[in-house]
Amino acid sequence: MKKEIIINASIDETRIAILEDNQLTELYIERPDSKRMVGNIYLGKIENVVDAIQAAFVNIGLKQNGFLPFAEIGKEYFALTEKVDSNKNISKKKKQSHKPELKLKQGQNILVQVTKEPISTKGTRLTSSISLPGRYLVLIPNENHIGISRKIKNKRERQRLRRICKSLRPNNFGLIIRTVATGKEIQPIKSDLENLLKTWDRIIKKANDATPPELIHKDMGITSSLIRDLFSPDINRVIVDSRKLYREIKKYLKEVSPNLLEKLDLYKERKPIFDSLPFQSYSIEDAIEKSLSRKIRIKGGGYIIFDQTEAMVVIDVNSGSSVKGKDQEKNALKTNIEAAKEIAHQLRLRDLGGIIVIDFIDMAQTKNREKIVATLKKELKKERAAFDILPMSDFGVVQLTRERVRPSLLYQYSEPCPRCNGIGRVAAKSTILTKIERTIQKIKYKKGQRRLVLKIHPDMAEYLTRGLNNHKNRLMRKYFINLKIIPTLEMENKEFELIPKKDYKKKK
């Protein structure tokens with residue numbers, strides 16, 4: 001598989017596109033006002049402990065308190081919040097005797113790490129189990145195990161790397177061996193570990209002197225972390241259009257992976273990088289626009305509809321013009337398989353997470369339903385995000401959950417509509433007309449006024465005055481009033497101001 005990382009840096013944002021076989025599969029965006037937070041470590045203060053939801057809310061200095069589930073509180077909590085030296089072992093007996101949910105108190109200090117970005121009205125998700133990722137290793141304080149990336153398949157290589165880490169692992173520290181450590185000798189792995197231990201020492205020293213809420217350690221930005229985590233030998237090339245970023249990446253690679261330098265290229269053309277690199281007969285910009293669309297067409301004439309809420313994504317598969325032929329079951333299977341492939345791709349590209357419900361085209365045969373679920377599973381396994389999927393129901397519905405770490409692409413590229421407050425729809429003109437009529441009744445009843453001025457959006461003004469027997473004339477006849485309509489762009493579609501004419505003259 002051909003893999004490429006394309007980086008576009010502009011004045012206000014940096015965009016990182018990941019391509020697999022010339023298809024855009026992932027897109028990351030970093031802006032000055034929305035820096036990456038996952039991996040940051042804070043000394044926070046517990047604001048509330050809510051036993052009913054088995055979680056605590058922690059003030060880490062942001063607008064919203066972070067969410068810390070009791071399940072994410074382990075022995076690290078006792079070691080770090082009580083400022084125990086990082087080399088001091090914690091006995092199993094002590095670990096078992098503590099119950100975090102009973103020990104947490106309002107106003108208590110706690111060292112936590114961000115595992116999920118804030119999304120909409122939800123704050124960050126936190127853990128007290130601190131981990132520090134390096135190039136080849138992940139360091140886990142107050143643990144004693146060694147883990148190996150599942151992507152390292154070779155049994156001998158796994159055993160070799162485990163022996164290296166066993167010889168290097170300090171007391172009271174756990175290690176996870178990353179995929180990029182494949183084939184590396186002991187020295188680069190040892191150097192990576194030493195750097196991580198120095199970082200941990202700095203974190204402990206700063207935490208001891210800090211006053212919560214305070215940022216103790218900031219992880220790399222998106223660009224740097226992606227290079228650290230993804231730039232492995234299976235990446236064919238990295239192309240960047242910023243000289244500054246190019247120099248930063250080059251410097252980093254010289255220190256950790258000089259063999260990858262030949263895969264790094266600086267883009268020098270005048271045409272924008274996302275417009276010039278073709279893929280599937282259109283550019284990366286075209287693919288981004290497609291990923292923001294509610295409706296996606298698939299091969300064979302079918303199409304998919306994506307509807308996204310804060311906690312759930314609902315996806316509807318439609319046959320469209322793919323109903324040719326007499327065999328309905330066969331047509332449905334073919335369209336559903338194409339849809340399953342595209343849905344898996346779009347989930348990854350749009351970074352959709354949480355609960356996802358997919359309504360496929362109905363099929364009668366159980367074996368065909370199983371084929372759709374198997375196809376979906378196979379495609380979802382191509383990415384890093386964890387997922388869990390249920391069998392298809394008799395109604396043709398598949399339910400799954402997908403790991404969510406940061407806001408989806410839609411939330412990063414858009415903001416709530418100022419007219420509809422984010423619901424995606426505006427009030428019908430007939431509804432607004434009814435409200436105007438009720439307001440006329442109130443003014444006549446309370447003030448006895450018959451000469452009125454209506455300030456309203458031009459679209460609504462046109463609706464009220466269209467035709468001879470228009471709504472305006474009917475209102476005047478019904479309520480024996482004189483109504484003057486003043487169109488104004490200062491009003492939203494659903495807004496209006498109805499006042500007695502004498503009061504309007506006074507305002508002027």
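The crossing of helices H10 and H11 turns out to be right-handed in this predicted model. Two packed helices are described by the angle between their axes and the distance between the axes. For H10 and H11 (residues 366-380), the angle comes to about 20°, and the axes sit 9 Å apart. That angle falls under the 35 degrees used as a cut-off, so H10 runs roughly parallel to H11.

Plenty of side chains take part in this pairing. From H10 come Glu-329, Leu-333, Asn-336, Ile-337, Ala-340, Lys-341, Ile-343, Ala-344 and Leu-347, and they meet Asn-368, Lys-371, Ile-372, Thr-375, Leu-376, Glu-379 and Leu-380 from H11. Sorted by class, the contact of H10 with H11 is made of nine nonpolar, three polar and four charged residues.

H10 (residues 328-350) also packs against H9 (residues 284-291), this time at an angle of about 100° and with the axes 10 Å apart. An angle from 65 to 115 degrees counts as roughly perpendicular, and H9 and H10 therefore get that label. On the H9 side the contact involves Ala-287, Lys-290 and Ser-291, which meet Glu-342, Gln-346, Leu-349 and Arg-350 of H10. Here the split is two nonpolar, two polar and three charged residues.

One of the H10 residues in that contact, Glu-342, is worth a second look. Despite being a charged residue, Glu-342 counts as buried, because its relative accessibility is 14% and the cut-off for buried is under 20%. Leaving aside residues up to four places away in sequence, Glu-342 touches Lys-290, Ile-296, Ile-298 and Ile-304. There is also Lys-299, which is 43 residues away from Glu-342 along the chain, yet the C-alpha atoms of the two are separated by 9.6 Å.

Next come the nonpolar cores. The largest has 29 residues, and the members touching the most other members are Leu-137, Leu-139, Ile-177, Trp-200 and Ile-216. Several elements chip in at least two residues each: strands E4 (41-50), E10 (137-141), E11 (146-148) and E12 (173-177), together with helices H4 (155-168) and H5 (186-209). H5 is the top contributor to this core, giving seven residues. A second core, separate from the largest one, holds 28 residues, among them Val-313, Ile-315, Leu-333 and Leu-400. Leu-333 has already come up, as one of the H10 residues that meet H11.

Finally, a few spots in the backbone stand out. Pro-212 and Pro-213 are joined by a cis peptide bond, with omega at about -5°. Pro-213 belongs to the loop between H5 and strand E13 (214-217).

Two other loop residues have a positive phi without being glycine. The first to mention is Gln-54, where phi is about 55°. Gln-54 is found in the loop between E4 and strand E5 (55-59), and it counts as partly exposed because its relative accessibility is 41%. The other is Asn-142, with phi near 65°, placed in the loop between E10 and E11. With a relative accessible area of 3%, Asn-142 is buried. The loop of Asn-142 thus links two strands that each supply at least two residues of the largest core.

Definitions and conventions: Residues numbered from 1 in each chain as written. Predicted model: local features only at pLDDT ≥ 70, side-chain atom pairs only at ≥ 80, totals over all residues. Heavy atoms only, no water. Axes fitted to C-alpha atoms, helices over the stretch in contact; angles between N-to-C directions. Helix = DSSP H or I, 4+ residues; strand = E, 2+ residues; numbered from the N terminus. Parallel < 35°, antiparallel > 145°, perpendicular 65-115°, else oblique. Contact = heavy atoms within 4.5 Å. Core = buried A, V, L, I, M, F, W, Y, C linked by side-chain atoms within 4.5 Å. Buried < 20%, exposed > 50% of the residue type's maximum accessible area, 1.4 Å probe, protein only. Left-handed = near helix turned anticlockwise from the far one by under 90°.
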